[in-house]
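Biologist: I would like to learn how to read features of this kind from coordinates. Could you take me through them one at a time, giving the general idea and then the case at hand?

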Amino acid sequence: MRRASLYAKERTYMKANKSFIEAVFHGTFFACGMLSIAFVLGITTYLVWTGIPAIAEVGVVDFFLGRVWNPSSDQFGILPFILTSVYGTLGALALGLPLGLFTALYLSKYARPNAKRVISSAVALLAGIPSVVYGLVGMIVLVPMVQLAFGLSSGATLLAAIVVLTIMILPYIVNVSSTALEAVPRDYEEGSLALGATKTETYFKVSLHAARSGVAAAIIQGVGRALGEAMAIIMVAGNVANMPHFFTSVRFLTTAIVSEMSYASYGSLHRQALFSIGLVLFAFIVLVNVILNVIARRREQ
Amino acid sequence: MNSFEIDRLNLWYGSHQALRDVSIDIPEHQVTALIGPSGCGKSTFLKTLNRMQDLVEGVRIEGRVLFYGKDIYAPKVDVTTLRSQVGMVFQKANPFPMSIYDNVAYGPRIHGIRNREALDALVEESLKDAALWDEVKDRLKKSALGLSGGQQQRLCIARALAVKPEVLLLDESTSALDPMSTGQIEELVGELKQDYTVIMVTHNMQQAVRVSDCAAFFLLGDLVEFSPTDALFNNPKDQRTADYVSGRFG
């Protein structure tokens, strides 16, 4: 009798102890989760806080539509950067999307297991290469090639940047779209083949159509990646604040910040304008992610 | 006239022989039912007729399959032409994730019809032939995936009819449907045989009796018996057929 009640006591004691540990862990996990939100909110607040003053001082129109960026004469027009980022991203997409989709089609529909394994690991490796290495190789190999091929005084141009960005977004497009293509039910493809369609017709008209939300997600990921890239393209794009053209040196939103932050003096309008560029870039990325979420949600339905 | 004349057809999946010396002449404008227990080779046989077997890895086929006198396994045969003449409806309804209209127009578009009016007419005709037009004519632009199972299967029939085949292969096409939808499709098959040769695999012996003119009984890769449906069910020549149709195994 005594013994039984002793056990009972011990048991309740254990239980209290357990639920205390549970509560500690629960709290820790919760805090970690909150931390991410805090980071996002913190960064957003900081960017808005630091980004607004320069835009207000320069004027919305002059800031966004000004064609000249010349801090020494207090000209802070970022239209060249915006357009360069947009053109660069679209250009990379125009090259990378077909290339990536064809690779994805090959991997998901045609490739034998061995070829697939080799290509998949190459693509995975491509995703893992640090961007500074892309920049390095681009600078040493690609830039001279562009210079030679088009007879330019310098090959460090928007074109070179687009090529580098294309290679950098390729793994994202390949991975996301080949996953989507592999998920297309075999039934659809057999239905098409049984109607007398060739394999190629089937893959383009049925499989890609069925995988279109996955392809859209791939595009958005590529866009996000290309917009945010700085290190690789600063090394191949010449980094001059020109209005964008394929064969001129250009500066992106990202590279504008990277290249000038170190010598923009504290408290100056110049430094504040760089923060404003950061805010613009951030707004672009948020927009891209919102679109991605909308697509993902539509896909779930 | 025969749609298909098949002479000593043998088929192997790797080292497993799935069809053994199958010889059979399939008459045109009739409904031929292929019956037999699971794994007897009836679906395998059906898929040799439009060469969907080509898609199976490691398949080997010997023998001769003549489609209106032409050997469909001859080296120069264009599989896409063959498949546009020998349409197929699968066990599970597989409409494309597109609109009803685009599903039916898919085949004609693949085969080069671009003219809007021609497509419209073809879509309407095919849906009418598949007894689906009245149910969907007001929502042709809506997704085909919103249709019921039976409607989806009739849409697949319409999709196959839209490429103007000579033969329609049905691979247990009612096995996933409710009795009402099954009845509709059986009725439809009865009407289709005026214009098409229908060859159907079915698990359901009552269905074979209700719908077919001829029936072929397969067992373990052999064609045991091929007769008019009445004769096969009421007066089988082979003891194995008799055992199967009387429900002694299967």
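**Reading burial, rings and the interface**

Modeller: Helix 11 (residues 253-260) of chain A is mostly covered, with 7 of its 8 residues buried, where buried means under 20% relative accessible area, exposed over 50% and partly exposed in between, computed with a 1.4 Å probe on protein chains only. Helices here are DSSP runs of H or I with at least four residues, strands are runs of E with at least two, and both are numbered from the N terminus. This is a predicted model, in which local features need pLDDT of at least 70 and side-chain atom pairs count only at pLDDT 80 or more, whereas totals for chains, interfaces and linings use all residues. Residues are numbered from 1 along each chain as its sequence is written, chains are lettered from A and ligands numbered from 1 in the order in which they are written, and side-chain values use heavy atoms, with hydrogens and water left out.

Biologist: Which residues of helix 11 of chain A are buried?

Modeller: They are A:Leu253, A:Thr254, A:Thr255, A:Ala256, A:Ile257, A:Ser259 and A:Glu260.

Biologist: How should I read the surroundings of a single residue, such as B:Thr48?

Modeller: Start with its place: B:Thr48 is found in helix 1 (residues 42-48) of chain B, and it is buried, with a relative accessible area of 0%. Contact means heavy atoms within 4.5 Å, and, leaving aside neighbours within four places in sequence, B:Thr48 is in contact with B:Leu9, B:Leu11, B:Leu19, B:Gln53, B:Ile61, B:Ile72 and B:Tyr73. A polar atom of the B:Thr48 side chain also lies 2.5 Å from the backbone oxygen of B:Phe45.

Biologist: How many aromatic pairs are there over all chains?

Modeller: Rings of Phe, Tyr and Trp (its six-membered ring) pair if their centres lie within 6.5 Å, and planes under 30 degrees apart count as stacked, over 60 as edge-to-face and the rest as tilted. By this rule the count over all chains comes to 14 aromatic pairs. One of them joins A:Phe25 and A:Phe29, a tilted pair at 5.9 Å centre to centre with 45 degrees between the planes. Both residues lie in helix 1 (residues 2-58) of chain A, 4 residues apart, about one turn of the helix. An α-helix has 3.6 residues a turn, so residues three or four places apart point the same way. A:Phe25 counts as partly exposed at 47% relative accessibility, while A:Phe29 is exposed, with a relative accessible area of 57%.

Biologist: And how is a charge over a ring recognised?

Modeller: The rule asks that NZ of Lys or CZ of Arg be within 6 Å of the ring centre and within 35 degrees of the ring normal. A:Arg271 lies over the face of A:Tyr266, at 4.2 Å from the ring centre, and the charged end of B:Lys141 sits over the ring of B:Tyr101, 4.1 Å from its centre.

Biologist: How many residues of chain A are in contact with chain B?

Modeller: In chain A 21 residues are in contact with 24 residues of chain B. Buried area is the accessible area (1.4 Å probe) that two parts lose on being put together, summed over both; between chain A and chain B this is about 1800 Å², of which carbon and sulfur atoms give 62%. On the chain A side, A:Tyr188, A:Ala194 and A:Leu195 lose the most area to chain B, together 35% of what that side buries.

Biologist: How many salt bridges does the rule find across this interface?

Modeller: With a salt bridge taken as a side-chain nitrogen of Lys or Arg within 4 Å of a carboxyl oxygen of Asp or Glu, the rule finds 2 across the interface of chain A and chain B. The side chains of A:Arg112 and B:Glu57 meet in a salt bridge, at 3.2 Å from N to O.

Note on methods:
A polar contact is a pair of N or O atoms within 3.5 Å; within protein, one must be able to donate a hydrogen and the other to accept it, and residues adjacent in sequence count only if both atoms are side-chain atoms.
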